[in-house]
Structures are given as structure tokens and as C-alpha cells.
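Welcome! Open your viewer, get your selection tool ready, and follow along stop by stop.

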Amino acid sequence: MLETDAPDMPVCGFQGQPNRPERIAHIVNAIALLKGISIESVTEATTLTAHELFKIPS
């Protein structure tokens with residue numbers, strides 16, 4: 001799962017500003033780049049994890 005609500009740990013490039021949910025795309029891009037996988041793979045994996053954790057039907 002991914003989140004951006006840690007107010008004291010802003011996304012790179014946004015220091016001094018509060019985290020905002022719409023910046024999650026920056027997190028997804030960074031994970032994909034670091035792991036050498038597609039953005040789609042990151043979103044599929046994290047969505048599946050959220051569904052399993054919160055017992056949300058697919």
C-alpha cells in the first residue's frame with residue numbers, strides 16, 4: 001500500500017509543504033524506477049494489497 005499523509009516527510013521536491021494525496025503518483029513513479037518495473041505493475045500490486053488488507057472485493 002502507498003500513502004502520502006506523513007506531514008513531516010514531504011515528497012522530494014515539495015519540502016516545506018504538507019503532503020497531499022495527489023502526490024502519490026510521484027511515489028508510484030519512484031518505486032517503479034527503483035525496482036525496474038512498470039508503473040502499472042506498482043499500481044496493480046499496491047491495489048491488490050489494499051483490497052486484501054481492507055477486505056475490499058475486487
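**The whole chain**

Start with a cartoon view: the protein has two helices and zero strands, where helices (H or I, at least four residues) and strands (E, at least two) are DSSP runs, numbered from the N terminus. This is a predicted model, in which local features need pLDDT of at least 70 and side-chain atom pairs count only at pLDDT 80 or more, while totals for chains, interfaces and linings use all residues. Residues are numbered from 1 along each chain as its sequence is written, and side-chain values use heavy atoms, leaving out hydrogens and water.

Now zoom out. The C-alpha trace spans about 35 × 25 × 15 Å along its principal axes. Switch on the surface: the protein exposes about 4,500 Å², an area that comes from the Shrake-Rupley method with a 1.4 Å probe, and for residues only the protein chains shown count as cover. Carbon and sulfur atoms supply 63% of that exposed area. Of the 58 residues, 16% count as buried; buried means under 20% relative accessible area, exposed over 50%, and partly exposed in between (1.4 Å probe, protein chains only).

**Stop one: M1 and its patch**

Select M1, in the segment before α1 (24-35). M1 counts as partly exposed because its relative accessibility is 48%. Add L53, F54 and I56 to see a nonpolar surface patch that they form with M1, with about 420 Å² of accessible area together. Patches are made of residues with over 30% relative accessible area and no salt bridge; like charges are joined within 9 Å, nonpolar side chains (Val, Leu, Ile, Met, Phe, Trp, Tyr) within 5 Å.

**Stop two: T46**

Next, select T46 in helix α2 (residues 39-54). Why does T46 count as buried? The reason is its relative accessibility, which is 18%. Leaving aside neighbours within four places in sequence, T46 is in contact (heavy atoms within 4.5 Å) with M1 and L2. A polar atom of the T46 side chain also lies 3.3 Å from the backbone oxygen of T43.

**Stop three: R23**

Finally, pick R23, in the segment before α1. Which side chain of opposite charge is nearest to R23? That is E22, 5.6 Å away; R23 is buried yet has no salt bridge, meaning a side-chain nitrogen of Lys or Arg within 4 Å of a carboxyl oxygen of Asp or Glu. Lys and Arg count as positive and Asp and Glu as negative; His and the chain ends are not counted. Show P18 too: its backbone oxygen lies 2.7 Å from a polar atom of the R23 side chain. Not counting residues up to four places away in sequence, R23 touches T4, V11, F14, Q17 and P18.

Key. Polar contact = N/O pair within 3.5 Å; in protein donor to acceptor, adjacent residues only side chain to side chain.
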